[in-house]
There are 4 protein chains.
Amino acid sequence: MKTHVTGAADDGFTALNPAYEAAVRESFARQTLMSTLGASIAHVAPGEVHLRLPYDPALCQQNGYLHAGAIASVADSANGYAAYTLAPPDTDVLAVEFKINLLAPARGAEFLACGRVLRAGRTLTVCLADVLAIDGGGRTSIATMLSTLIVRPRQPG
Amino acid sequence: MKTHVTGAADDGFTALNPAYEAAVRESFARQTLMSTLGASIAHVAPGEVHLRLPYDPALCQQNGYLHAGAIASVADSANGYAAYTLAPPDTDVLAVEFKINLLAPARGAEFLACGRVLRAGRTLTVCLADVLAIDGGGRTSIATMLSTLIVRPRQPG
Amino acid sequence: MKTHVTGAADDGFTALNPAYEAAVRESFARQTLMSTLGASIAHVAPGEVHLRLPYDPALCQQNGYLHAGAIASVADSANGYAAYTLAPPDTDVLAVEFKINLLAPARGAEFLACGRVLRAGRTLTVCLADVLAIDGGGRTSIATMLSTLIVRPRQPG
Amino acid sequence: MKTHVTGAADDGFTALNPAYEAAVRESFARQTLMSTLGASIAHVAPGEVHLRLPYDPALCQQNGYLHAGAIASVADSANGYAAYTLAPPDTDVLAVEFKINLLAPARGAEFLACGRVLRAGRTLTVCLADVLAIDGGGRTSIATMLSTLIVRPRQPG
């Protein structure tokens, strides 16, 4: 018997917007911070978005590891787009707040921020992201982010 | 192939203290808030502790649902004791901070706070708790807590 | 010249509900957890509510200090009612999430949770609470809580 | 009589490292993410560091406002360096976790992240940052970050 305990994915998510993947890709392309950092989309599914960020010496803190702000940036976008996959058409999703725990030094060849919806509400959505460092065959969880997002009608203009 | 993604349990936890379960039960018995609230231990394993809290009309907010503070109290203790199962003997575990998202109204016959270690460090441990409302056969996730705990040598006296 | 920077109170808050204080007191009286813990209202003003909690050996963690859950409970209610002072009539305020840092052991004769609105929006309000331990003439800040609250039309019944 | 309540600065901070300002500037210069974003130091004092970030269309989210990740990056560094001003010589300060609330859209000509120590402990330091948008003469608080940092002996190499 499988019991749902902490952080277990609710696999039954259904996208309200049949064009959810195109909507995610179109919005992501407008997030200039993502291209400045070098992030790209690795996976899109209802309730789940993974973003990839290669290591870049231009994104580091004082010891040469990736800066927590770079990690937080991709985790925030991964959670935001995970929420966006479940949002109705013609809405926008904005971060209300997030909290990130840094679990290990961010060293590795690349990083994968895996955002996932925990609960999708009419107004607010809660997401959890795991950020993995990938180096050779190894994967290490280096950060966890818990986010609250708000779904709003898209502003004209 | 099973990949570890967000919040997946690290099943390989080993308790450093062979008497970890007795240590958890002895410390829990001294947490007077837990008996004031009516909470009890439901499960103890290395890296994981579940606490049970029956619904009680004396623990509510203004609409008759369990107060977020009561939920946070058992989630905080569940995470603290999950961390404590992995701590060396003669140490104490204290909460540094926690963040909780309330996902749904806390209604139900009883509640289960399932605390789990995400990363156990020498000084700091990070835990994630899921709080479930149980009513008849149904289980609903009503809250998620992400906590940072510190392991310290036990203070004499 | 002193400039208001971090966390400076926005002194210009105006209550939309002329009966805001009565509304706070009436709702607080229905929060049974508050009377179970022994908390009472110390101060109500637009955008600010202080709650008092006397030390009680029935509310402790394993070392005899106040349990973080008891502190979080009064800080959550202080922030919730601070938000409620600025809400329109016939609305309800619910906690979406909160994060608390425990700054010092919670010892003292009594505790004061001072909740204050940082930003009041139409849907979401953000509050910051400081929890002080009071012992003799001394006051020590023992915790800080940052909360997000949602304002909703009151549910009938 | 003025009483210190929520978030009031503890003005009595004393730097243990007489060269604290040089230490902050030297470390900041090694944070390559800060120069990639275009951030610079605006103010350094014991327990307080302000960082300036000009608006840049390369750091935006989908609507042309500054991305929450860019804001979080400078707030995280402001809090980290505020903690660092109070750290002993030959130590390093690392972020354990942080939580940020986005209070308003990040529009403006430039942004000021004002980090301030709430409590400096031997191992852990807690900081609060306020991020202001500056446009013409106006200043708007757009975000608040509550952070936990750890002070560690500097690693050789």
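How much area do chain A and chain D bury between them? The answer is about 2700 Å², with 49% of it on carbon and sulfur atoms. Buried area here is the accessible area (1.4 Å probe) that two parts lose on being put together, summed over both.

Some ground rules will help you read on. This is a predicted model, in which local features need pLDDT of at least 70 and side-chain atom pairs count only at pLDDT 80 or more, while totals for chains, interfaces and linings use all residues. Residues are numbered from 1 along each chain as its sequence is written, chains are lettered from A and ligands numbered from 1 in the order in which they are written, and side-chain values use heavy atoms, with hydrogens and water left out.

## How the copies are arranged

Two copies of a chain are related by a rotation about an axis and a shift along it. Chain A can be laid on chain B by a turn of 180° with a shift of 0.0 Å along the axis, giving an RMSD of 0.0 Å. The two copies are thus related as by a two-fold rotation axis. Both copies use the same surface, since 100% of the contact residues of chain A recur in chain B. For such comparisons, copies are superposed by least squares on the C-alpha atoms of residues with pLDDT of at least 70 in both.

Chain A and chain D can also be superposed, with a turn of 180°, a shift of 0.0 Å along the axis and an RMSD of 0.0 Å. In chain A, the C-alpha of Lys99(A) is the one nearest this axis, 2.0 Å from it. Here too the same surface serves both copies, and 100% of the contact residues of chain A recur in chain D.

## Two interfaces in a table

| Interface | Contact residues | Buried area | Share on carbon and sulfur |
|---|---|---|---|
| Chain A and chain D | 35 residues from chain A, 35 residues from chain D | about 2700 Å² | 49% |
| Chain A and chain B | 21 residues from chain A, 21 residues from chain B | about 1900 Å² | 63% |

Contact means heavy atoms within 4.5 Å.

## Where chain A meets chain D

The rule finds two salt bridges across the interface of chain A and chain D. A salt bridge is a side-chain nitrogen of Lys or Arg within 4 Å of a carboxyl oxygen of Asp or Glu. Glu97(D) makes one with Lys99(A), and their closest N and O atoms are 2.7 Å apart. There are also 32 residue pairs in polar contact across this interface (both at pLDDT 80 or more). A polar contact is a pair of N or O atoms within 3.5 Å; within protein, one must be able to donate a hydrogen and the other to accept it, and residues adjacent in sequence count only if both atoms are side-chain atoms.

Which element of chain A gives the most to the side that touches chain D? Strand 3 of chain A does, with eleven residues. Helices (H or I, at least four residues) and strands (E, at least two) are DSSP runs, numbered from the N terminus. Strand 3 of chain A is joined by five bridges to strand 3 (residues 91-102) of chain D, and the two run antiparallel. Two strands pair if DSSP finds at least two bridges between them. Within strand 3 of chain D, Glu97(D) stands opposite Asn101(A).

## Where chain A meets chain B

Across the interface of chain A and chain B the rule finds two salt bridges. Lys99(A) appears again, now in a salt bridge with Glu97(B), the closest N and O atoms being 2.8 Å apart. Six residue pairs are in polar contact across this interface (both at pLDDT 80 or more). The largest share of the side of chain A that touches chain B comes from strand 5 of chain A, with five residues.

## Inside chain B

Strand 1 (residues 40-45) and strand 2 (residues 48-54) of chain B pair in the antiparallel sense over five bridges. Ala45(B) has Glu48(B) in strand 2 of chain B as its bridge partner. The two strands form a hairpin with two residues between them, and Gly47(B) in the turn has a positive phi of about 85°.

Chain B also holds a salt bridge between the side chains of Glu26(B) and Arg30(B), at 2.9 Å from N to O. Glu26(B) and Arg30(B) are four residues apart in helix 1 (residues 20-30) of chain B, so about one helical turn separates them. Over all chains, a search of the whole structure finds 20 salt bridges.
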